[in-house]
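Visitor: I am new to this structure and would like a close look at a single part of it. Could you take me through that part slowly, after a few words on the whole?

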Amino acid sequence: MRIVKVCHACDRIIGEIELDDLTGHNADPIMDIVGNIAYELCPGCLHEMEMEPSNVYH
């Protein structure tokens, strides 16, 4: 069964992943799975959220 990967921040569709890949040892620990959707951060949002000394996040 395929699961759709969607970005948590911008709701962009990142791709698909096979359910068997999630049960193995190489599963992404920051991926949240709800139904048949796996939420994670896309590379663009991940880069924007990297902590930099001049940025303040509330």
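Guide: What follows begins with the chain as a whole and then turns to two residues of one strand. Please keep in mind that this is a predicted model. The chain holds 2 helices and 4 strands, and along the sequence these elements follow the pattern β-β-α-β-β-α. Of its 58 residues, 19% count as buried, while the accessible surface comes to about 4600 Å², with 55% of that area belonging to carbon and sulfur atoms. Among the contacts with a separation of 6 or more, 44% are between residues 24 or more positions apart.

The part to look at is strand 4, which covers residues 37–40 and includes Glu 40. Glu 40 has a relative accessibility of 9%, and because buried means under 20%, Glu 40 counts as buried. The side chain of Glu 40 is joined to the side chain of Lys 5 by a polar contact of 3.4 Å.

Tyr 39 also lies in strand 4. Its relative accessibility is 22%, so Tyr 39 counts as partly exposed, given that this class runs between the 20% limit for buried and the 50% limit for exposed. Lys 5 comes up again here, for Tyr 39 and Lys 5 are 34 residues apart in sequence and yet 5.8 Å apart in space, from C-alpha to C-alpha. If neighbours within four places in sequence are left aside, Tyr 39 is in contact with Val 6 and His 8, and also with Ile 30, Met 31, Asp 32 and Val 34.

Notes:
Residues numbered from 1 in each chain as written. Predicted model: local features only at pLDDT ≥ 70, side-chain atom pairs only at ≥ 80, totals over all residues. Heavy atoms only, no water. Buried < 20%, exposed > 50% of the residue type's maximum accessible area, 1.4 Å probe, protein only. Polar contact = N/O pair within 3.5 Å; in protein donor to acceptor, adjacent residues only side chain to side chain. Contact = heavy atoms within 4.5 Å. Areas by Shrake-Rupley, 256 points an atom, 1.4 Å probe, with all protein chains shown as cover.
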